[in-house]
Amino acid sequence: MLSNIRRSEISTFLRIRRARLQPEQLGLPRGARRRTPGLRREEVAELAGISTEWYAWLEQMRDVHPSMDTLQRIAGALRLEPAEQQHLLTLGGYGLENAGNGLAREAVVGAQLQRLMDQLACCPAWIMGARSDILAWNRAATVIHGDLGGMQGIERNGIHQLFLNPRMRRMLVDWEIHAQDCVAKLRLTQANYLDDPWFNELIELLRSRSPAFTEWWDEHDVRLPHDGVKVYEHPDVGRLSFDYAILQVAGGNGVPLHLITYVPTRDTDTEEKMKALVECPQAMLHA
């Protein structure tokens, strides 16, 4: 059976998505007396081919366990994007990364992965676990994150760094865009670990200390991992532009990890600046 927190997340997610979809988008009449923002429950139920009562039970957090087929039909009725459909199925207990137990396993970074990152002399690279804890990194990564070796516990977490480290807020160009994207990707991952106190520790900390995180978290947006470009203003060398990629790799004990690599963008002077920074450790750690 689904836990209370999973039923609550399904209810909230469905209500938010239903409110965002207008009847005109589906060729339905709005009617003169419509008070509900977005679609009515009965409209979603009819489009999904299920009873209105049963759909209402989902939004009312009743103790029911919808099948994968039912959730897929609801996703179709709500015109969910691939990431949103994946999120809904995961909330429903389908496709959990940890064999359905909702608990994270300890990750181990093997020596070969560390050697691989160390070979990327001018390319910042680090490995993150399920919660975005930074588990390993190369020397160039400290250009972005500062003294990772000096950070303790949850402080050495990519999302903690993004929202609660003033250095990152100052350096990252278009911080708000990237921060919202990060929250949406975290929300997608968190569906696998709703019942895990270890994972929820990060969420609770960020909600208590960052109004921006709380605002975007409550929107329940989700997004799949993707490649892109990030630009930073370094206090010593100025603008640094990187093409970044997120790769899934296996840890030493088989637990999936994410390898994040930054490659200096072509037709910029980022590579030359990175060479200078790598050769000058004090500049790398300058906030």
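With which side chain does the side chain of Glu-84 make a polar contact? The partner is the side chain of Arg-17, at 2.9 Å. Keep in mind as you look around that this is a predicted model. Below is a short tour of Glu-84, of a helix pair formed by H2 and H3, of helix H11, and of Lys-185 in helix H10.

**Glu-84 and its surroundings**

- You will find Glu-84 in helix H5, which covers residues 82–91.
- Glu-84 counts as buried because its relative accessibility is 13%, and the cut-off for buried is under 20%.
- Besides the polar contact with Arg-17, a polar atom of the Glu-84 side chain lies 2.7 Å from the backbone nitrogen of Glu-81.
- Setting aside residues up to four places away in sequence, Glu-84 touches Phe-13, Arg-17, Arg-79 and Val-222.
- Arg-17 therefore appears both among the residues that Glu-84 touches and as its side-chain polar partner, while the cut-off for such a polar contact is 3.5 Å.

**Where H2 meets H3**

- Helix H2 spans residues 41–48 and helix H3 spans residues 52–59.
- The two helices pack at an angle of about 115°, and their axes are 8 Å apart.
- The crossing of H2 past H3 is right-handed.
- On the H2 side, the residues in contact are Arg-41, Glu-42, Val-44 and Ala-45; they meet Thr-52, Tyr-55, Ala-56 and Glu-59 of H3.
- Sorted by class, this contact has 4 nonpolar, 3 charged and 1 polar residues.

**Helix H11**

- Helix H11 runs over residues 197–209, 13 residues in total.
- From its first C-alpha to its last, H11 reaches 18 Å, close to the 18 Å expected at 1.5 Å a residue.
- At the start of H11, Asp-196 brings a side-chain oxygen to within 3.0 Å of the backbone nitrogen of Trp-198.
- The buried residues of H11 are Phe-199, Asn-200, Leu-202, Ile-203, Leu-205 and Leu-206.
- These buried residues pack against helix H8 (158–164), helix H10 (175–190) and helix H12 (211–217).

**Lys-185 in H10**

- Helix H10, one of the helices that the buried residues of H11 pack against, also holds Lys-185.
- Is Lys-185 buried or exposed? Lys-185 is buried, because its relative accessible area is 17%, and the cut-off is under 20%.
- Leaving out neighbours within four places in sequence, Lys-185 is in contact with Arg-223, Leu-224, Pro-225, His-226 and Ile-246.

How values were computed
Residues are numbered from 1 along each chain as its sequence is written. This is a predicted model: local features need pLDDT of at least 70, side-chain atom pairs count only at pLDDT 80 or more; totals for chains, interfaces and linings use all residues. Side-chain values use heavy atoms; hydrogens and water are left out. Axes are lines fitted to C-alpha atoms, for helices over the stretch in contact, and angles run from 0 to 180 degrees between N-to-C directions. Helices (H or I, at least four residues) and strands (E, at least two) are DSSP runs, numbered from the N terminus. A crossing is left-handed if the near helix is turned anticlockwise from the far one by less than a right angle, and right-handed if clockwise. Contact means heavy atoms within 4.5 Å. Ala, Val, Leu, Ile, Met, Phe, Trp, Tyr, Cys and Pro count as nonpolar, Asp, Glu, Lys and Arg as charged, and the others, Gly among them, as polar. Buried means under 20% relative accessible area, exposed over 50%, partly exposed in between (1.4 Å probe, protein chains only). A polar contact is a pair of N or O atoms within 3.5 Å; within protein, one must be able to donate a hydrogen and the other to accept it, and residues adjacent in sequence count only if both atoms are side-chain atoms. The expected span of a helix is 1.5 Å times one less than its number of residues.
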